[in-house]
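Got your viewer open? Load the model below and we'll walk through a few stops together.

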Amino acid sequence: MRKFLMATAACAVMVSAPVTGQSLDEAKQLLDVWLDAQKDYNDWPSVSVAFVKGQEKIYANAYGEANRRTGVKATTDTLYSICSISKLFTSIGVMQQRDAGKVSLRDPVGKHLDWYDIKQKYPISDDVTIEGILSHSSGLPREVDTSYWSISKGFPFPEREDAIAATKSQETLYRAWEHFQYSNLGLTLAGEIVASVSGENYHDYVRAHILDPLGLDNTFSEMPKDKHGEALSVGYGAPTRSGERSEMPYFNAEALAPAAGFASSANDLAKFVSWQLKLRDGEGDEVLDHNTLREMQRPHSVVMGWRGAFGLGFSMSNNDGGTLIGHGGYCPGYQSQIYIDPAKNIGGVALINAAGTNPNGLIRIMFDVLEPALKSEKAEVSDEGPAVSLVDYTGIYDTQPWDDENYIMPWGKDLISVSLRAENPKEDMTKLRHVEEDTFARVRRDGSTAETITFMRDDAGVVVGYNWHGTVTMKKADR
């Protein structure tokens with residue numbers, strides 16, 4: 001019904017129409033306007049994103065407020081809880097110790113943790129091994145058996161001794177290798193193994209052997225309380241039925257830090273993403289051997305009926321026949337995602353300080369919009385173009401009551417119209433080709449033209465609206 005109404009209001013969705021030839025600046029402009037609108041439509045307090053091509057950060061921006069009470073604006077250096085993305089740093093630490101000959105992936109967890117006493121419920125099961133906990137296929141339950149995710153209790157994450165004590169009454173949920181079972185308990189044990197075999201405090205180890213060598217100066221293995229509400233964004237809950245989001249209290253993951261305790265920024269995670277792309281190509285192995293990273297980023301257990309997989313710490317998912325590798329994070333008041341697409345040598349980061357959001361979708365959209373623009377930048381472009389300035393028509397137009405807003409802007413030699421409420425702007429584009437003066441024609445799927453749209457100007461010659469299908473739609477004041 002929505003698409004029908006949009007077509008009636010002159011916002012036809014041309015999903016399969018080839019909309020190409022745009023510049024990188026135009027692609028960035030579209031993302032800027034669309035992300036800012038999505039922040040408002042979805043009531044995100046803030047969102048911070050980055051996109052890299054190899055070692056170059058192509059795009060990074062932030063929208064909204066890191067702290068709604070004080071009005072602190074978010075930037076690409078604003079810190080967010082990255083929750084389960086923390087597992088990647090812990091997994092790298094384990095693999096460093098493996099490469100140093102101090103552990104084997106087939107080692108039982110109890111070999112390196114003398115206090116480990118989780119009961120093996122299944123006599124014929126394999127051991128709970130290091131490979132099993134890194135690939136979430138060990139048979140362990142999801143959590144340390146305490147109530148740290150409970151908002152009613154104020155997110156009481158246990159300190160180390162309390163967490164160890166809690167595990168002694170726990171038992172395995174499945175036989176090893178029988179099912180995929182995501183496990184914060186497992187990666188907490190992985191962090192304990194890093195500390196045990198290295199002889200160093202976990203937080204000191206990660207700083208000295210991973211974060212500092214990678215130049216991740218704005219990434220922390222614990223949420224820095226002294227930065228909360230300023231450099232560290234405040235988290236907000238999922239929307240209620242009335243559309244409100246509650247402010248979440250500060251939390252520290254304590255003993256769960258190896259699984260869920262880190263904080264980072266879009267700029268720092270963009271560096272981390274670029275390092276992975278470089279290391280996969282055999283460069284930058286001062287932190288990890290390149291073949292070890294590739295081992296971590298291939299499937300070791302499958303999930304979702306073979307549609308996705310987990311490596312050693314890293315997750316993998318299908319992307320139109322390709323593979324996205326990364327991890328997401330979901331903690332009280334925050335959601336985050338990083339991805340790389342090794343085949344295209346690109347990567348992305350999205351951080352939102354609110355629950356009930358979809359940062360992984362934002363990265364896929366950045367890939368959809370920006371990656372083709374990089375190719376267009378390299379293509380030879382003819383100087384021929386319309387006899388009018390396409391910038392004149394750029395702006396947000398009021399499409400109520402059919403939709404809310406659509407955005408018109410130059411896209412190569414044409415204009416495009418996009419609903420700012422659209423879930424994916426690349427799939428919502430309608431291309432408009434110049435005919436004469438202020439008249440354009442909609443471009444059909446097959447490249448032929450259809451009905452016309454005529455823009456209207458005021459006495460000063462400024463575009464103020466358009467007439468499409470006989471419906472007059474006015475341009476909104478600049479935001």
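## A short tour, selection by selection

Start by selecting residues 86–99, which form helix H3, and residues 202–211, which form helix H7: the two pack with their axes 10 Å apart, at an angle of about 80°. Angles of 65 to 115 degrees count as roughly perpendicular, so that is how H3 sits relative to H7. Keep in mind as you look around that this is a predicted model.

Now show side chains where the two helices meet. On the H3 side, pick Phe-89, Thr-90, Ile-92, Gly-93, Gln-96 and Gln-97; on the H7 side, Tyr-202, Tyr-205, His-209, Ile-210 and Leu-211. Colour this contact by class and you get six nonpolar and five polar residues, with no charged ones.

Next, select residues 184–198, helix H6. Put a distance between its end C-alpha atoms: they are 21 Å apart, which agrees with the 21 Å that 15 residues should span at 1.5 Å a residue. Turn the surface on, and H6 is largely enclosed by the rest of the structure, because 13 of its 15 residues are buried.

Then check what flanks H6. At the N-terminal end, Ser-183 acts as the cap, with a side-chain oxygen 3.4 Å from the backbone nitrogen of Leu-185. Just after the helix comes Gly-199, which takes a positive phi of about 75°.

Last stop: strand E13, residues 405–411, where you want Asn-406. Asn-406 is buried, at a relative accessible area of 0%. What does its side chain touch? One polar contact goes to the side chain of Ser-417, at 2.6 Å, and another to the side chain of Tyr-466, at 3.3 Å.

Methods: Residues numbered from 1 in each chain as written. Predicted model: local features only at pLDDT ≥ 70, side-chain atom pairs only at ≥ 80, totals over all residues. Heavy atoms only, no water. Helix = DSSP H or I, 4+ residues; strand = E, 2+ residues; numbered from the N terminus. Expected span 1.5 Å × (residues − 1). Buried < 20%, exposed > 50% of the residue type's maximum accessible area, 1.4 Å probe, protein only. Polar contact = N/O pair within 3.5 Å; in protein donor to acceptor, adjacent residues only side chain to side chain. Axes fitted to C-alpha atoms, helices over the stretch in contact; angles between N-to-C directions. Parallel < 35°, antiparallel > 145°, perpendicular 65-115°, else oblique. Contact = heavy atoms within 4.5 Å. Nonpolar A, V, L, I, M, F, W, Y, C, P; charged D, E, K, R; others polar.
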